[in-house]
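Please work through the exercises below with the sequence and the model at hand, trying each task before reading its solution.

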Amino acid sequence: MVTATHALTVKGLRKSYGDVVAVDGLDLDVSLGECFGLLGPNGAGKTTTIEICEGLLSRDAGDVVVLGKTWEHNGDHLRQQLGIQLQDTQLSEKLTVLETLRLFRSFYRRGRTVDEVIDIVEIGEKRNARIGSLSGGQKQRLAVACALVGDPELLFLDEPTTGLDPQSRRQMWKLIEDLQATGRTIVLTTHYMEEAERLCDRVAIVDHGRVIARGSPRELIDTIGASHPPPPPKATSATLEDVFVALTGRTLRDE
Amino acid sequence: MRKGILLRAYTRMRLIDRPITQLTLVRFREFVRTPEAVFWTFLFPVLLAIGLGVAFRSRPPERPHIGVVGSIQGNGMIVKSLRADSGLIVDVLPDTAAQRALRTGRIALLVVPHPAGVEYKYDPARREAVAARLLTDRAIQRGAGRTDPVPVVERKVSERGSRYIDFVIPGLLGMNLMGSGIWGIAFSIVDARAKKLLKRLMATPMSRVQYLMSFVLSRLFWLTLEVVTLVGFGALVFKVPVRGSLAALAVICLVSALAFGALGLLVSSRVRTIDGVSGLTNLVMFPMWIFSGVFFSAANFPKVFQPAIHALPLTAVNDALRANMLEGASLASVGGEMAIISAWLVVAFVTALAIFRWR
């Protein structure tokens with residue numbers, strides 16, 4: 001059941017590609033105003049889950065309710081309400097930052113002005129630069145800016161800091177924290193446990209298409225302290241990374 | 001008054017901020033910021049027209065080169081008669097040299113004088129040899145005193161519309177409409193799909209119809225420039241005629257551009273990579289470059305292929321353009337061609353939409 005306090009509810013979600021089961025009965029609930037982290041190794045089903053929630057993929061079974069609505073009945077309405085940053089999108093390199101944002105802004109009935117989002121993601125000095133000339137961090141911030149032009153109630157960020165240098169990553173964290181402070185609901189996927197620990201109110205660890213652990217980063221770290229051997233002597237205390245490796249194993253996962 | 005100005009400013013602002021305007025502007029910007037696309041669309045057809053126009057310009061027919069066996073002393077009368085005809089170049093050669101010149105094609109015909117008359121040696125399968133035969137015989141007979149029983153008056157004309165450049169300009173225009181329609185649209189769409197930009201756009205409230213319409217609108221703008229450039233260039237530099245109505249020419253170009261755009265959409269409907277769309281585009285366009293009468297008439301191909309050749313969209317486009325420009329044909333008289341082009345437009349567009357991969 002959906003209540004007004006939930007931004008996203010997923011129940012019994014399933015999705016297969018031929019014989020490969022990507023999502024296998026996954027449940028999630030994201031409260032309004034929280035930053036929720038979806039963690040998991042490569043191929044765990046995070047992106048498939050997120051893309052179903054974004055209305056980009058169909059599902060085989062299960063229920064998905066976004067902001068109290070379903071994609072089947074309220075697709076147009078939902079697209080106006082969501083801000084989405086996808087993994088690996090390459091915006092047209094021949095357009096400038098300003099031209100790209102004006103394009104995305106034109107799709108939304110209401111939202112922020114292009115100048116406002118340029119200020120939010122701090123890309124003002126590059127407003128007239130072509131995207132081809134931007135650094136990786138600037139491109140990622142622009143991708144987030146494109147997700148913000150419709151002033152969304154719910155923001156999906158799919159690995160927003162993957163491939164960024166430490167400075168750009170910290171800049172992105174600050175941006176996400178600022179968005180959180182304005183009361184936006186954020187669903188975030190990441191490979192970086194440090195990032196999840198710092199940004200997320202709650203996380204779900206996904207493996208083999210199912211949620212295998214959920215709770216606040218602190219709760220999960222406490223759990224691991226109780227049920228698994230203590231961390232190696234060098235470490236001063238357990239981290240979310242220890243929880244992640246303990247639950248998903250040490251085997252390399254390649255997509 | 002002031003209210004009116006404010007309202008107009010508001011309306012103008014709204015128009016520029018509309019998705020269809022922004023999407024069309026993106027198409028424009030991406031095109032003009034790709035210099036190679038501008039070259040292939042505008043400059044290349046003009047350069048090709050210049051090259052072909054110069055290579056195949058109208059020249060007086062070459063004078064046939066003929067030989068006479070023997071010596072001037074021995075065949076004075078014959079040689080004199082032949083040299084009196086300005087249409088022939090005459091060499092007097094010893095027998096062996098004359099035979100070799102004929103064998104190697106240096107002369108088109110060899111005159112061998114006999115006591116009772118002359119003998120002509122030539123290859124009747126060679127066009128210039130047949131012409132040389134007629135001219136040689138006329139010169140020898142007239143030299144010997146023949147008079148023509150029918151009086152003839154000659155009036156020399158040079159008709160615009162029958163030269164090679166007149167044939168090739170409409171062909172180049174058709175080829176250009178095909179290239180920029182199919183390649184221009186297919187490349188943009190597959191590029192957006194390969195970069196996951198199409199998927200990103202699908203996650204916004206953008207209308208799919210408006211996305212496709214932006215391609216149509218920007219194509220229509222560039223189409224106008226393409227047609228004006230090539231037809232204008234042909235008319236100004238080579239005096240290629242445009243005998244039909246400009247409105248009919250505009251309609252033919254418009255429907256053709258839409259049909260090729262629909263083919264571009266069909267080509268791009270499933271492909272995920274630039275390599276894939278390059279191959280598929282060439283596969284679609286190559287047969288039309290060869291068979292559809294761009295550089296030479298499609299009628300040169302055997303009869304058995306003609307129904308298939310005439311079903312190709314570029315054949316219909318080239319035929320309709322030539323009928324309009326060279327013969328002054330009305331739209332109604334190119335109805336058959338327009339029906340073929342329209343059928344391609346509808347079938348390609350409907351199929352493309354049915355199988356299109358929006359991500």
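Two exercises with worked solutions follow.

This is a predicted model, in which local features need pLDDT of at least 70 and side-chain atom pairs count only at pLDDT 80 or more, while totals for chains, interfaces and linings use all residues. Residues are numbered from 1 along each chain as its sequence is written, and chains are lettered from A and ligands numbered from 1 in the order in which they are written.

**Exercise 1.** Determine whether the end-to-end distance of helix α5 (residues 136-148) of chain A agrees with its expected span, and how far α5(A) is enclosed.

*Solution.* Helices are DSSP runs of H or I with at least four residues, and strands are runs of E with at least two, numbered from the N terminus. The expected span is 1.5 Å times one less than the number of residues, so the 13 residues of α5(A) should span 18 Å, and the 19 Å between the end C-alpha atoms agrees with this. Next, a residue is buried if 20 or more other C-beta atoms, placed from the backbone, lie within 10 Å of its own, exposed if 12 or fewer, and partly exposed in between. Eleven of the 13 residues are buried, so α5(A) is largely enclosed by the rest of the structure.

**Exercise 2.** Classify A:Glu122 and A:Glu159 as buried, partly exposed or exposed.

*Solution.* A:Glu122, in the loop between α4 and α5 of chain A, has 15 C-beta neighbours inside 10 Å and therefore counts as partly exposed. A:Glu159, in the loop between β6 and α6 of chain A, has 21 such neighbours and therefore counts as buried.
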